[in-house]
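Me: Could you walk me through how to read a few features of a protein model? I'd like the general idea each time, then the actual case.

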Amino acid sequence: MTDWPNTAGPGPHPDPTRAMPTTQRGGGGYSSGYAPAPDGPAGYDSGYNTGQVYAGSGRGGGQGGYGGAGSAARPAPDWGRRVKVGLITLLVVALVWSVGTYFWADSKLRREVDLSIVQDRPEGGEGTTYLIVGSDSREGLSDTEKKELHTGSADGKRTDSMILLHDGPQGVTMVSLPRDSWVTIPEFTGSESGKDFPSPGARKLNAAYSMDGAPLLVRTVEYNTGLRIDHYAEIGFGGFAEIVDAVGGVEMDIPRDIKDKNSGADFEKGRQTLDGAEALAFVRNRYEAGSDLERTKNQQKFLSALANQAATPATVLNPFKLYPTMGAGLDTLIVDEDMSLWNLATMFWAMKGVTGGEGVSMNMPIAGSAPQGSLKWDMPKVKQLVEQLKNGEKVTVKGD
């Protein structure tokens with residue numbers, strides 16, 4: 001066996017199994033580590049290296065050096081893209097919120113009135129006609145609330161107010177139907193019993209509702225006017241007061257001092273904001289008002305003001321007001337089976353238009369008194385009014 005000469009200087013022969021540290025500097029880079037012992041003479045570099053290799057000859061050197069001039073600069077923020085992404089995100093959130101709110105509200109509507117069972121219906125005309133009914137239902141009211149709202153404790157429910165709202169090409173027309181109107185109640189089929197009943201003859205209009213509820217009331221109005229009712233909406237005492245409170249009250253200009261123990265109305269003349277209980281007292285005030293016609297005018301004024309308040313951006317764009325308002329109204333509002341949330345919104349928007357002076361507000365034309373202290377309609381004027389509504393013409397008929 002041949003011994004390799006020791007060229008590293010005097011001393012023992014190096015152990016061929018021991019790793020030999022290596023250091024190499026050159027123009028191409030820097031390396032450090034341990035290389036296995038060479039198989040040749042001491043100091044022989046086999047080229048094997050387990051260390052890291054960094055380009056360049058030192059800090060600040062060539063292209064790959066630390067912090068060298070060749071290091072890439074950080075790109076400037078793309079604000080245009082960020083704004084675009086932000087707007088898209090905002091629109092998506094708004095869309096999801098709007099769609100979710102729509103379906104939530106639509107699911108809460110109490111579609112309990114089937115207009116398809118109403119008999120002998122007249123042909124439709126231009127525009128859409130709503131029959132809006134305020135009932136004296138005490139549903140959901142505690143004894144304390146009945147006392148606070150001065151509603152009494154009568155069983156069942158009767159109509160307390162009735163309004164025809166027509167939204168047509170020539171604008172909005174709001175016609176109050178006094179509950180003491182003397183009209184003919186036609187023959188009908190019971191909505192629950194299915195039995196046929198003969199005409200009871202002439203009665204007060206609110207008697208139709210007492211006999212067979214909304215279907216017979218709609219039939220009676222259509223029979224006596226010839227105007228087709230497209231949609232029906234009804235609300236009770238409690239729901240009415242809740243809606244007013246939910247929108248934060250409704251501002252009204254009271255024309256004179258009013259005090260009526262029956263309805264609980266107690267107002268001084270002037271502009272003021274009415275809460276739910278006060279609003280209910282105002283629209284129910286009958287005895288102090290002097291007549292049912294004066295009372296219906298107050299109801300129209302208030303409903304228009306309420307619609308105007310509910311449709312303001314402060315309510316519609318504020319979820320802390322929008323949801324309580326919709327929740328209060330939709331939970332107690334009874335509508336026909338074909339009424340959509342869109343139809344309901346259109347109805348409120350039409351009422352709002354009357355407040356803004358864009359429509360006509362009137363009572364059904366009256367020709368005089370009738371039996372039982374009731375009111376007889378002026379049928380020639382009623383016929384002319386209905387023809388104008390059905391044909392989409394400007395309303396020229398004047399009511400009382």
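Reply: Happy to. Helices (H or I, at least four residues) and strands (E, at least two) are DSSP runs, numbered from the N terminus. What you see is a predicted model, in which local features need pLDDT of at least 70, side-chain atom pairs count only at pLDDT 80 or more, and totals for chains, interfaces and linings use all residues. Residues are numbered from 1 along each chain as its sequence is written, and side-chain values use heavy atoms, with hydrogens and water left out.

Me: Let's start with cavities. How many cavities of 30 Å³ or more does the structure hold?

Reply: The general idea: rolling a probe the size of a water molecule over the atoms shows where empty space is left. Here, a cavity is a set of points, on a 1 Å grid over the protein atoms alone, where a 1.4 Å probe fits but cannot get out, and lining residues have an atom within 4 Å of a point. Points are joined across faces, edges and corners, and a volume is the space filled by probe spheres set on them. The structure has four cavities of at least 30 Å³, and the largest holds about 360 Å³ of space. It has 24 lining residues, and those closest to its centre are Val133, Gly134, Ile235, Phe240 and Leu303.

Me: Which element gives the largest share of that lining of the largest cavity?

Reply: Strand E5, with four residues. E5 spans 128-135, and other elements that supply at least two residues each include strand E6 (159-168), helix H4 (237-246) and helix H6 (292-310). For residue classes, Ala, Val, Leu, Ile, Met, Phe, Trp, Tyr, Cys and Pro count as nonpolar, Asp, Glu, Lys and Arg as charged, and the others, Gly among them, as polar. By that split, the lining of the largest cavity has 16 nonpolar, five polar and three charged residues.

Me: And what is the volume of the second largest cavity?

Reply: About 60 Å³. Its lining includes Ile117, Phe188, Asp212 and Arg219. Helix H3 (205-225) and strand E9 (188-189) each supply at least two of the lining residues, with H3 giving the most, four. The classes come to five nonpolar, two polar and two charged.

Me: Arg219 is charged, so salt bridges next. How many are there?

Reply: In general, side chains of opposite charge can pair when their charged atoms come close. The rule used is a side-chain nitrogen of Lys or Arg within 4 Å of a carboxyl oxygen of Asp or Glu, and it gives seven salt bridges. In one of them, Arg219 meets Asp120 at 3.5 Å, N to O. That pair links distant parts of the chain, 99 residues apart: Arg219 sits in H3, and Asp120 in the loop between strand E4 (110-113) and E5.

Me: Is Arg219 buried or exposed?

Reply: Buried means under 20% relative accessible area, exposed over 50%, partly exposed in between (1.4 Å probe, protein chains only). Arg219 is at 3%, so it is buried, whereas Asp120, at 63%, counts as exposed.

Me: Which other pair is worth a look?

Reply: Try Lys204 and Asp180, with a salt bridge at 3.8 Å, N to O. Lys204 lies in strand E11 (201-204) and Asp180 in the loop between strands E7 (171-176) and E8 (181-185), so the pair ties together parts 24 residues apart in sequence. Asp180 is buried, at 7%. As for shared partners, salt bridges join Asp120, Glu187 and Arg219 into one network.

How values were computed: On a 1 Å grid over the protein atoms alone, a cavity is a set of points where a 1.4 Å probe fits but cannot get out, and a pocket is an open set with protein on both sides within 12 Å along at least five of seven lines; lining residues have an atom within 4 Å of a point.
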